[in-house]
Every structure is written in C-alpha cells, then in structure tokens.
Amino acid sequence: MMRQVMKSRVVGATVTLSTAEAAQNGRGLSDGLSIGVVLTGATLYLDREVLKRADLWPNERVEVQNIDNGAQFSAVVGEAKPGQVVVVGGTAHLARSGHRLDIVSYSYLAETELSQYRMRVVVLGPLNRLE
C-alpha cells in the first residue's frame with residue numbers, strides 16, 4: 001500500500017510580488033519589474049536554492065498556506081531570482097507583497113519506505129534567506 005506523506009515544507013516565505021497587486025497598482029510586468037521568470041498561471045516562483053533544499057522541481061504541485069490571511073491554494077513551482085517569492089495567476093489574488101507563506105509538497109511512499117523516510121524542512125528568514 002502507498003501512503004501520501006509530506007515530502008518537504010518551506011516555512012516563512014515572504015511574497016515579494018503578486019501579479020494581481022502589480023496590475024491593480026497600474027504597474028505592468030513590462031514596467032521595469034524584472035523578476036527573471038516566464039509567467040504562467042497558478043505558479044509560485046521561488047529562489048533556485050530554496051527549490052533545491054526543499055527537493056522541489058519545476059512544475060511540481062505544492063499546497064500553499066497564507067499565514068497572514070488564512071488563504072490556501074495549490075500552485076506549481078518555478079524558479080525566480082534569489083530572494084524572490086512571486087505569486088502568479090488567479091492565486092495572486094490570495095497573496096500580496098509582504099504576506100508570509102508556508103509551502104508544502106507531498107510524495108507517495110510504500111509502507112516499507114516509511115521507516116527510513118525523512119521530511120525536509122526549509123526555514124526562510126528576512127529577505128527570504130535560508131536559515
């Protein structure tokens with residue numbers, strides 16, 4: 001039997017840009033907002049080192065909890081510039097700049113693998129730096 005377990009958790013990621021917020025403020029992404037990503041819907045872009053430490057791959061599905069407003073949503077991850085956490089697509093209405101997020105990924109393991117399994121926890125401090 002396969003069991004779904006938490007594979008990794010990123011704690012305390014702070015949103016640096018929400019595309020909904022940028023559009024609401026009249027700032028298009030072409031107005032000098034260089035985020036170094038190719039924008040696609042329902043995507044959460046994270047620093048490459050954060051992705052690596054959390055064992056997250058581009059286009060992997062994650063669950064996101066917004067600590068500040070209680071919103072929860074699913075997204076896929078992509079790579080952003082160092083220190084950036086960018087929320088894109090419809091999910092951008094659920095997280096604004098400065099909001100703190102917890103990000104969780106899951107995996108399926110056989111029962112025989114469970115005793116050796118260890119979840120990865122990545123804690124981010126100020127400016128989304130690894131702690």
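Aspartate 55 is partly exposed, at 28% relative accessibility; by the cut-offs used here, buried means under 20% relative accessible area, exposed over 50%, and partly exposed in between, with a 1.4 Å probe and protein chains only. This residue sits in the loop between helix H2 (48-53) and strand S4 (61-66). Helices (H or I, at least four residues) and strands (E, at least two) are DSSP runs, numbered from the N terminus. The phi of aspartate 55 is near 55°, a positive value in a residue other than glycine. Most residues other than glycine have a negative phi.

Before going on, I should state that this is a predicted model, in which local features need pLDDT of at least 70 and side-chain atom pairs count only at pLDDT 80 or more, while totals for chains, interfaces and linings use all residues. Residues are numbered from 1 along each chain as its sequence is written, and side-chain values use heavy atoms, with hydrogens and water left out.

A positive phi is also found at asparagine 128, near 60°. Asparagine 128 belongs to the segment after S8 and is buried, at 6% relative accessibility.

Let me turn to the sheet. In what order do the eight strands of the open sheet stand? The order is S2-S6-S3-S5-S4-S7-S1-S8, with mixed pairing; two strands pair if DSSP finds at least two bridges between them. Strand S2 (17-18) and strand S8 (120-123) occupy the edges, each with a single partner strand, so one side of each has no neighbour in the sheet.

At the S2 edge, S2 and S6 run parallel and are joined by two bridges. Serine 18 has valine 87 of S6 as its bridge partner. Strand S6 (residues 85-88) sends Val85 and Val87 one way and Val86 and Val88 the other, and all are buried. Strand S3 (residues 43-47) pairs with S6 in the antiparallel sense over four bridges, and there tyrosine 45 has valine 86 as its bridge partner.

At the S8 edge, strand S1 (residues 2-14) and S8 run parallel, joined by four bridges. Valine 11 is partnered by valine 123 of S8. Is valine 123 buried or partly exposed? Valine 123 is partly exposed, with a relative accessible area of 34%.

Finally, valine 123 joins Met119 and Val121 in a nonpolar patch on the surface, with about 220 Å² of accessible area together. Accessible areas come from the Shrake-Rupley method with a 1.4 Å probe; for residues, only the protein chains shown count as cover. Patch residues have over 30% relative accessible area and no salt bridge, and nonpolar side chains (Val, Leu, Ile, Met, Phe, Trp, Tyr) are joined within 5 Å, like charges within 9 Å. A salt bridge is a side-chain nitrogen of Lys or Arg within 4 Å of a carboxyl oxygen of Asp or Glu.
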